[in-house]
Amino acid sequence: MILMKPANQRVIDAARAGGLTIAIKTHAQSTRTAEEAAKACGCDVGQIVKSLVFQGKASGSAILLLVSGANRVNEKTVAKVIGETLKKPDAHYVRTLTGFAIGGIPPFGHTTPLKTFIDQDLLAYPLVWAAAGTPESVFSMEPQALATATGATVIAVT
């Protein structure tokens, strides 16, 4: 039996606070990358939600992009939509803002509220899988419910 970690409990608590019920699945293998997560979940890589933290270059504001595992972020396209050039912060910055390590960052439950955008391609799936606080745990939910729960603006990221 695999025990639930405190990070998983924080994700469950954040989901409950947002009126959601989620079931976390912890795997023996890593779910750190979209490919690993898709294999563990038995789903299409496009159904994996990558929670990517960026920083606005001018404002310094943190920005969370919830991206389909099949897509790479076109930073120029996203910058036009959000009105600011993006830069990639270091792992320490990301962990400080979210409370989670890269590879396990969930779409909600962060230490600091983040302005959030969701990849329109995720909405094409009936169910998506997101990290649940650790690099080996995930949960599933309907993508529209995820967008609503995170207050995300739907955008094209490619």
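Val 53 of strand 2 faces Leu 64 across the pairing with strand 3, and that is a good place to start reading this predicted model. The pair belongs to an antiparallel arrangement in which strand 2 and strand 3 (residues 62–68) are joined by 7 bridges. Follow the chain from one strand to the other and you pass through a hairpin with 5 residues between the strands, where Gly 60 adopts a positive phi near 80°.

Strand 2 has other partners too. With strand 6 (residues 128–131) it runs parallel, joined by 2 bridges, and here Ile 48 sits opposite Trp 129. With strand 4 (residues 86–87) the sense is antiparallel, again over 2 bridges; in this pairing Gly 56 has Leu 86 as its bridge partner.

With those neighbours in view, let us turn to burial. Of the 9 residues in strand 2 (residues 48–56), 7 are buried, which means that the strand is largely enclosed by the rest of the structure. Buried here stands for under 20% relative accessible area.

Now look for the largest pocket, which has a volume of about 670 Å³. Its lining is made up of 27 residues, and those nearest the centre are Lys 50, Ser 51, Leu 52, Val 53 and Ile 102. Helix 2 (34–41), strand 2 and strand 6 are the elements that supply two or more residues to this lining. Strand 2 contributes the most, with 7 residues. By character, the lining of the largest pocket splits into 16 nonpolar, 6 polar and 5 charged residues. So our tour comes back to Val 53, the residue opposite Leu 64, as one of those nearest the centre of the largest pocket.

Notes. Residues numbered from 1 in each chain as written. Predicted model: local features only at pLDDT ≥ 70, side-chain atom pairs only at ≥ 80, totals over all residues. Heavy atoms only, no water. Buried < 20%, exposed > 50% of the residue type's maximum accessible area, 1.4 Å probe, protein only. Helix = DSSP H or I, 4+ residues; strand = E, 2+ residues; numbered from the N terminus. Pairing = 2+ DSSP bridges. 1 Å grid on protein atoms, 1.4 Å probe; cavity = no way out; pocket = protein on both sides within 12 Å on 5 of 7 lines; lining within 4 Å. Points joined across faces, edges and corners; volume = space filled by probe spheres on them. Nonpolar A, V, L, I, M, F, W, Y, C, P; charged D, E, K, R; others polar.
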